[in-house]
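Please look at the sequence and the structure shown here, and then follow the report below through the disulfides, the aromatic rings and the strands.

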Amino acid sequence: MKEDNCLHAALLCLGMLYYSHAITTEKLNHARPSLHGHHEKGKEGQVLHRSKRGWVWNQFFVIEEYTGPDPVLVGRLHSDIDSGDGNIKYILSGEGAGIIFVIDDKSGNIHATKTLDREERAQYTLTAQAVDRNTNRPLEPPSEFIVKVQDINDNPPEFLHENYHANVPERSNVGTSVIQVTASDADDPTYGNSAKLVYSILEGQPYFSVEAQTGIIRTALPNMDREAKEEYHVVIQAKDMGGHMGGLTGTTKVTITLTDVNDNPPKFPQSVYQMSVSEAAVPGEEVGRVKAKDPDIGENGLVAYSIIDGDGMDMFEITTDYETQEGVVKLKKLLDFETKKSYSLKVEAANVHIDPKFISNGPFKDTVTVKISVEDADEPPVFLKPSYIFEVQENAASGTVVGKVHAKDPDAANSAIRYSIDRHTDLERYFIINAEDGNIKTIKALDREEIAWHNISVFAVEVYKQHQEAKVPVAIKVVDVNDNAPKFAAAYEAFVCENARSNQQFITISADDKDDSANGPRFIFSLPPEIIHNPNFTLRDNRDNTASVLVRREGFSRQKQDLYLLPIVISDGGLPPQSSTNTLTIRVCGCDSNGSLLSCNAEAYILNAGLSTGALIAILACIVILLVIVVLFVTLKRQKKEPLIVFEEEDVRENIITYDDEGGGEEDTEAFDIATLQNPDGINGFIPRKDIKPEYQYIPRPGLRPAPNSVDVDDFINTRIQEADNDPAAPPYDSIQIYGYEGRGSVAGSLSSLESATTDSDLDYDYLQNWGPRFKKLADLYGSKDTFNDDS
């Protein structure tokens, strides 16, 4: 702190000296002419005009960071017209006027009232003016001047980054550039040495060095090994004042990493690897792994493995796992413990990328011996072939041998084998296999046209180890036999015009054969021998498995014959050849002069001679109209009857039914004789129910006798209820007793006269006179015989 105060005092003295020198210089070099001048004689009598000096001003300087107790004097403004009587007033304006800089309006002295920082602002532009104190009239034009802030060394150097990271390859030569660090100083670089920096290394020796002027860091030791030490921490210092005593400093940290180069070959940690694998392993299965160590990293540490020698080169292979940098030994072919029990391999590990600069470090590869032992395993049966293909003719008799499969037990035990067909592949059961020898035979005839290939699977199982089984595909081809005759390729129907010309072709036909191409085409077309000289049509074989049918004569008539059936014989080229007779339907049609088809209907042709089409339509229209009239008539008739029926029904519902019964008069006042409800025919016997059939005959109890005629109504009803409760044939509920007895008739007999005209007997109706006034009308009608005769 004491040294800093001394430094500031020294700088202040230097500034004042510089300030005094600057004032003197400016007074001599920057005098301005005054507005009031006088004549002066020059050389050779020449009159010169010399201007009177106006302002006396300079470029002022003020030291930054001044912390004295009084405001620092920046400078003084003075006009030569100022006689010192106080009539002139000095005014200051511009940047910082009145705030940072103040002026004494009488003397013109300028003071700085605040501490200035050059790094914040290096200079200020101000304007000075002299005016009359009383009238404020300008006495001189305003003038600008500059106040510069004098720099002091108050800012230490600062690096652009607090921490730097850099890389340099290992084994680099001495002086290899690593990185350049840069610091900056906020002080004025044009004044003194405040901003002149010098770099030095504080930490990181003796591995690295730094250039004092540029800040470039370089390697200082040869053959630095990344595998020994990968990262270094270096501290760099920047000092101003050219590095001299009293300068300010700043530091930064630099992390330097050595990058890898391929300077180390791969090495196996052991000379022999022992591995084992089961003989049941499948190709591609991993057997084991080897690894050569390489301290290099990245692509410099990549290692590729290969088998360069050994008796297992054909049985095994090795691949590289680049994630783990291991060599993976895999099985290449199936093993057989009974044939060979061990193998030996020589494996090499070599770097993928080699740097020629370090080729002298030795061969960048290494070798190791891998011994592999084969372990015995209980293996399933093995077929002699991976698949079988057999042939059998279609229509072969049941029991025909198709072929034979064979499997064996690869183990030393050589167990017996039993064969079977996977019925999921032979659902129709076309084949059977001999369980002991593997012979496959047919069970029923095969048809190539239905199934041309049969794909089945055959199992082979060890007799004493049922879980050990193998399966093999068997393809059976059904060989074609010429057992299908060719037929028309389509349902042909030909048309020939009535005006057809002789030898005119009107249709081309072709054939299909279900048999194989060897037993099919070429097809031969012909007419049967009996119609070889058909007068109407002829056939021409085109020798390309098609035939053309032609007209033999001219002129056909639909009235005489409108349909012809032409038999055509088609033969194939198989052995033995097959043939079939197919019928071609030929219709005779009406055509125009160009041969375009018009009509093929013979009946329509005949009708044209009698009734026209319009007449037929008119007849049909009349019939339809008559049917519509009949339907409407029937419908209207039904609609008329329906209201009558409804009216009658409504009338019946609304009628009051009356009965012309006058009653019995005084007889009705007598007590009701319950005996009239009794059926005299059922008093002594049991009347069975007609609604049900009793399971057994009911025998009335002796105590339940019919009541006499004078029985009371209550007793009568109770008796009937008791009979119903004790009747096993009656339903288990009370029922209403229905009495359908009509009585035995009237003592008066029948009053009907329906038979009076047919009888010969004379009836006496005189008793009607004694029946009272109600029968008077009957008595008059059927009076005595004598009275009747008298009237007649």
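Counting as a disulfide each pair of cysteine sulfur atoms within 2.5 Å, one arrives at 2 disulfides in this protein. The model is a predicted one, in which local features need pLDDT of at least 70 and side-chain atom pairs count only at pLDDT 80 or more, while totals for chains, interfaces and linings use all residues. Residues are numbered from 1 along each chain as its sequence is written, and side-chain values use heavy atoms, with hydrogens and water left out.

A disulfide is a covalent bond between the sulfur atoms of two cysteines. The table lists the two links with their S to S distances and their angles about the S-S bond.

| Disulfide | S to S distance | Angle about the S-S bond | Hand |
|---|---|---|---|
| C497 and C591 | 2.0 Å | -80° | left-handed |
| C589 and C600 | 1.7 Å | 105° | right-handed |

With C497 in strand β38 (residues 493–497) and C591 in strand β44 (residues 579–591), the link of C497 and C591 ties together parts that are 94 residues apart in sequence. Strands here are DSSP runs of E with at least two residues, helices are runs of H or I with at least four residues, and both are numbered from the N terminus. Both C497 and C591 are buried, where buried means under 20% relative accessible area, exposed means over 50%, and partly exposed lies in between (1.4 Å probe, protein chains only).

The link of C589 and C600 ties together parts that are 11 residues apart in sequence, because C589 lies in strand β44 and C600 in the loop between β45 (597–599) and α2 (602–607). C589 counts as buried, since its relative accessibility is 0%, whereas C600, at 22%, counts as partly exposed. If the bonded cysteines are counted along the chain, the disulfides follow the pattern 1-3, 2-4. Another cysteine, C622, has a relative accessible area of 47% and is therefore partly exposed.

The aromatic rings come next. A pair of aromatic rings is described by the distance of the centres and the angle of the planes. Rings of Phe, Tyr and Trp (its six-membered ring) pair if their centres lie within 6.5 Å, and planes under 30 degrees apart count as stacked, over 60 as edge-to-face and the rest as tilted; by this rule the count comes to 15 aromatic pairs. One of them is formed by F268 and Y305, whose ring centres are 6.3 Å apart and whose planes stand at 55°, so the pair is tilted. This pair links distant parts of the chain, 37 residues apart, with F268 in the loop between β20 (249–259) and β21 (272–278) and Y305 in strand β23 (residues 303–309). F268 and Y305 are both buried.

F556 and Y564, in turn, form an edge-to-face pair, with 5.8 Å from centre to centre and 75° between the planes, and both residues are buried. Together with F506 and F537, the residues F556 and Y564 form one aromatic cluster.

Which residues does N536 touch, if those up to four places away in sequence are not counted? With contact meaning heavy atoms within 4.5 Å, N536 touches L550, V551, R552, R553, F556 and Y564. N536 is found in the loop between β40 (524–526) and β41 (537–541), and with a relative accessible area of 15% it is buried. Its side chain makes a polar contact of 2.6 Å with the side chain of R553; a polar contact is a pair of N or O atoms within 3.5 Å, where, within protein, one must be able to donate a hydrogen and the other to accept it, and residues adjacent in sequence count only if both atoms are side-chain atoms.

Finally, there are the paired strands. Two strands pair if DSSP finds at least two bridges between them, and 3 strands form an open, antiparallel sheet in the order β5-β9-β8. Because β5 (72–76) and β8 (101–103) stand at the edges with a single partner strand each, one side of each is left without a neighbour in the sheet. Between β5 and β9 (residues 109–112) there are 4 bridges, and R76 has N109 as its bridge partner, while G75 has I110. β8 and β9 pair over 3 bridges, with V102 partnered by H111. Along β9, I110 and A112 point to one face and are buried, while N109 and H111 point to the other and are not.
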